[in-house]
Structures are given as C-alpha cells and as structure tokens.
Amino acid sequence: PSNVAVDNIISKIIEEGFKGGDGNKYNPRIVRVGSRQGRHVEAVAMETQMQGILDVDPNQLQVEVQQKKQERAILKRDMLAWRRHLTVLVQNTPCCLPEKW
C-alpha cells in the first residue's frame, strides 16, 4: 500500500481502536516505520518515538522498567490462576455437550 494508505489506516486505528474478544475497546501500541509519514501520524513514527526515548532521564527509565517488571509478574500470576481454573473446567466438563448448548 502507499504511504497515504498506511497513514489512513493508522489514523483510523488511533481514532477508533480495536474491539477485543471480550467486546471492550482497546488501543494497541503502534509504531509507524517508513519515510514520508503524514503529520497526523507523526506521534507514532519510529523516529518520533525513538527521540522520545532518548530524551528520557536514564533514572526514570530504570523506574519504569521496574514498574513493568512488577506488572508482568502480576499478569503472569493471574494467567497461571486462570489456567488452573480452565483446567478444572475442562476436566469436569462431560465429553459431549447437550444439543443447543
């Protein structure tokens, strides 16, 4: 697709987001790679995002890394708990579900 087409798709995603499997709207993190992007997608351009990272204080980055590690640990714990719940459900589900279930 052309640069303009890519920019239009990105703009639409930025404005409207996506709908997840749970029906809730979410906005993915986007990085626009390539040259000649339009002004309306400059914020997601790789160069803009890299400059933003380079401008951050290294100590602040370390704090953010620690926060993300904590968030990851919580998500991992929650994921394992849901996996255990699903395993119990699967083990206790009859082999054949009733018609029109």
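Contact here means heavy atoms within 4.5 Å. Keep that cut-off at hand for the exercises below.

The model is predicted: local features need pLDDT of at least 70 and side-chain atom pairs count only at pLDDT 80 or more, while totals for chains, interfaces and linings use all residues. Residues are numbered from 1 along each chain as its sequence is written, and side-chain values use heavy atoms, with hydrogens and water left out.

**Exercise 1. The chain as a whole**

Work out in what order the elements of the chain run and how spread out the chain is.

Step 1. Helices (H or I, at least four residues) and strands (E, at least two) are DSSP runs, numbered from the N terminus. The chain has three helices and two strands, and from the N terminus on they run α-β-β-α-α.

Step 2. The radius of gyration is taken over C-alpha atoms, and the globule rule is 2.2 Å times the number of residues to the power 0.38. For 101 residues the rule gives 13 Å, and the chain has 21 Å, well over that value, so it is more spread out than a compact globule.

Step 3. Along its principal axes the C-alpha trace spans about 55 × 40 × 20 Å.

Step 4. Buried means under 20% relative accessible area, exposed over 50%, and partly exposed in between (1.4 Å probe, protein chains only). Buried residues make up 13% of the 101 residues.

**Exercise 2. The two sides of α1**

Find which residues of α1 are buried and which exposed residues lie on the face turned away from them.

Step 1. Helix α1 covers residues 3-16, and its 14 residues reach 20 Å from the first C-alpha to the last. That is close to the expected 20 Å, the expected span being 1.5 Å times one less than the number of residues.

Step 2. The buried residues of α1 are D7, I10, S11 and I13. They cover an arc of only 165° around the axis, which puts them on the same side of α1; the arc is that of the directions from the helix axis to the C-beta atoms.

Step 3. The face turned away from this buried side carries the exposed residues V4, I9 and E15.

Step 4. Strand β1 (18-19) is included in what covers the buried residues of α1. After the helix comes G17, with a positive phi near 70°.

**Exercise 3. Core and contacts**

List the members of the largest nonpolar core, then trace the contacts of V44 and R32.

Step 1. A nonpolar core is a set of buried Ala, Val, Leu, Ile, Met, Phe, Trp, Tyr and Cys residues joined through side-chain atoms within 4.5 Å. The largest one has five residues: I10, I13, I30, V41 and V44.

Step 2. Neighbours within four places in sequence aside, V44 is in contact with I10, I14, I30, V31, R32 and Q49.

Step 3. R32 is found in the loop between β2 and α2 (46-54), and with a relative accessible area of 2% R32 is buried. Not counting residues up to four places away in sequence, R32 touches N3, V6, D7, I10, Q37, V44, A45 and M46.

**Exercise 4. The aromatic pair**

Classify the one aromatic pair of the structure.

Step 1. Rings of Phe, Tyr and Trp (its six-membered ring) pair if their centres lie within 6.5 Å; planes under 30 degrees apart count as stacked, over 60 as edge-to-face and the rest as tilted.

Step 2. The structure holds one such pair. The ring centres of F18 and Y26 are 5.9 Å apart and their planes stand at 45°, so the pair is tilted.

Step 3. F18 is partly exposed at 37% relative accessible area, and Y26 is partly exposed at 42%.
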